[in-house]
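Subject: Structure for you to look at

Hello,

Here is the structure I said I would pass on. My notes on the ligand and on the cavity follow.

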Amino acid sequence: MTEQLAIFGGTPVRKTKIFYGRQCIEQDDIEAVIATLTSDLITCGPKVEELEGKLCQITGAKHAVVVSNGTAALHLAALTAGFGEGDEVIVSSITFAASSNCVLYCGAKPVFADIDPETYNISPASIRRLITPRTKGIVAVDFTGQAAELDEIRAICREHNLILIEDAAHAIGTKYRGQPVGSIADMTCFSFHPVKTVTGGEGGAITTNDEGFYRRLMRLRTHGITRNQEEMVHPTDAAWYNEQVELGYNYRMTDFQAALLVSQLRKLPAFSARRKEIVQRYNEAFAEMPEIIVQKEIPESDTTRHLYILRLDLEKLTCDRRQFFDALYAENTCPQVHYLPVYYHSYYEKLGYQKGICPNAEKFYEEVMSIPLYYSLTDEDVEDVIRAVKKVTAYYRR
Ligand SMILES: *Cc1c(COP(=O)(O)O)cnc(C)c1O
């Protein structure tokens with residue numbers, strides 16, 4: 001006898017809904033923000049500088065530039081890389097659209113690489129097949145927080161003289177061969193959106209070891225305006241003088257967001273450890289279920305996981321992903337899907353991208369959903385999620 005699913009009138013596994021992600025803001029975070037609100041500078045002041053220092057310390061990068069969100073970070077990185085009209089940039093196909101939109105912002109063309117069918121990260125073999133004389137760079141995403149195959153991707157970049165932007169929006173706290181993400185690629189971009197591991201409400205950053213990139217990023221963050229005489233066309237030591245030398249933006253972060261992030265980053269080790277614990281518990285529970293495929297973990301990546309992907313072996317089930325998703329949702333374990341292959345979006349379709357170009361990504365999309373993973377989930381919550389997955393699986397078992 002299988003239990004009646006809540007979606008067909010049965011009793012849900014739990015009474016209250018759990019969503020796939022949630023921020024953790026505590027009293028000390030709140031106090032840090034309030035203290036900043038009454039200080040002299042409330043935007044791009046000392047807290048932003050402190051946050052940049054903290055990010056350098058955590059990632060081991062020489063420089064960090066804090067910006068208003070992760071998309072702004074990607075935009076400035078793509079501009080600084082020099083991507084433009086006529087250039088091709090190879091991008092992961094399974095990611096948030098911002099990873100590839102940043103290439104479009106610069107007038108360059110995103111070229112979608114397929115994923116590895118087991119790790120779900122961008123496949124180096126697929127990258128190699130897509131390189132042409134017009135290829136200028138790669139945007140590699142550390143999907144779910146697991147580092148992409150950075151050694152091999154960097155080798156490809158060296159061979160073909162490409163710039164590597166690592167989209168580490170999922171991966172703050174992750175290490176690759178013992179080295180923190182943020183100090184490995186030419187530029188690494190982070191996001192501090194509330195579903196990510198640490199948050200500033202909104203927020204983003206770029207880290208780099210390259211002095212030239214750093215200066216350009218700093219300039220582009222504030223309208224392309226510089227106060228550095230070395231960068232001016234008409235240098236003067238007049239105290240009031242600043243000069244716009246290129247077309248930039250206002251991508252600044254406020255000091256109260258930076259204060260929240262400095263406070264949050266103190267808790268990164270705890271956030272990271274709890275996420276690892278939950279991932280381990282899920283892996284254990286799902287490893288013994290033939291209907292569920294567990295994401296492969298590469299030994300090179302010591303992963304602070306942002307997302308937990310529940311992947312269905314549809315041959316062993318009588319339902320499709322949609323039915324499983326809806327049933328799980330009704331049990332009050334509310335999943336989300338990460339991600340639609342970027343080129344499935346109608347905007348990309350209009351640009352001429354067609355289905356069929358990344359078969360592994362397309363199959364992945366039909367079979368997955370992300371289940372709750374965040375710091376403040378209790379052990380009880382985690383067991384509820386597992387029970388809900390087991391209940392739905394039992395119902396649809398072939
Ligand atoms: C969240 C996210 C972004 C964008 O970050 P925002 O801060 O929301 O602008 C970019 N890439 C990936 C992979 C993300 O998950």
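A residue is near a molecule if one of its heavy atoms lies within 4 Å of it. There are 15 residues around the ligand, and Gly 70, Thr 71, Asp 167, Ser 191 and Lys 196 come nearest. The model is predicted: local features need pLDDT of at least 70, side-chain atom pairs count only at pLDDT 80 or more, and totals for chains, interfaces and linings use all residues. Residues are numbered from 1 along each chain as its sequence is written, and side-chain values use heavy atoms, with hydrogens and water left out.

Three side chains have polar contacts with the ligand (pairs of N or O atoms within 3.5 Å). For Asp 167, a side-chain N or O atom is 2.8 Å from a ligand nitrogen. Lys 196 has such an atom 3.1 Å from a ligand oxygen, and for Tyr 339 the distance from a polar side-chain atom to a ligand oxygen is 3.2 Å. The protein buries 92% of the 380 Å² that the ligand exposes when taken alone (Shrake-Rupley method, 1.4 Å probe).

In the shell around the ligand, five residues are nonpolar, eight polar and two charged; Gly counts as polar. The helix α3 (DSSP H or I, at least four residues) gives the largest share, three residues.

Away from the ligand, what lines the largest cavity? Its lining has 14 residues, among them Arg 22, Gln 23 and Phe 271. By class, six are nonpolar, five polar and three charged.

Regards

Key. A polar contact is a pair of N or O atoms within 3.5 Å; within protein, one must be able to donate a hydrogen and the other to accept it, and residues adjacent in sequence count only if both atoms are side-chain atoms. Helices (H or I, at least four residues) and strands (E, at least two) are DSSP runs, numbered from the N terminus. On a 1 Å grid over the protein atoms alone, a cavity is a set of points where a 1.4 Å probe fits but cannot get out, and a pocket is an open set with protein on both sides within 12 Å along at least five of seven lines; lining residues have an atom within 4 Å of a point.
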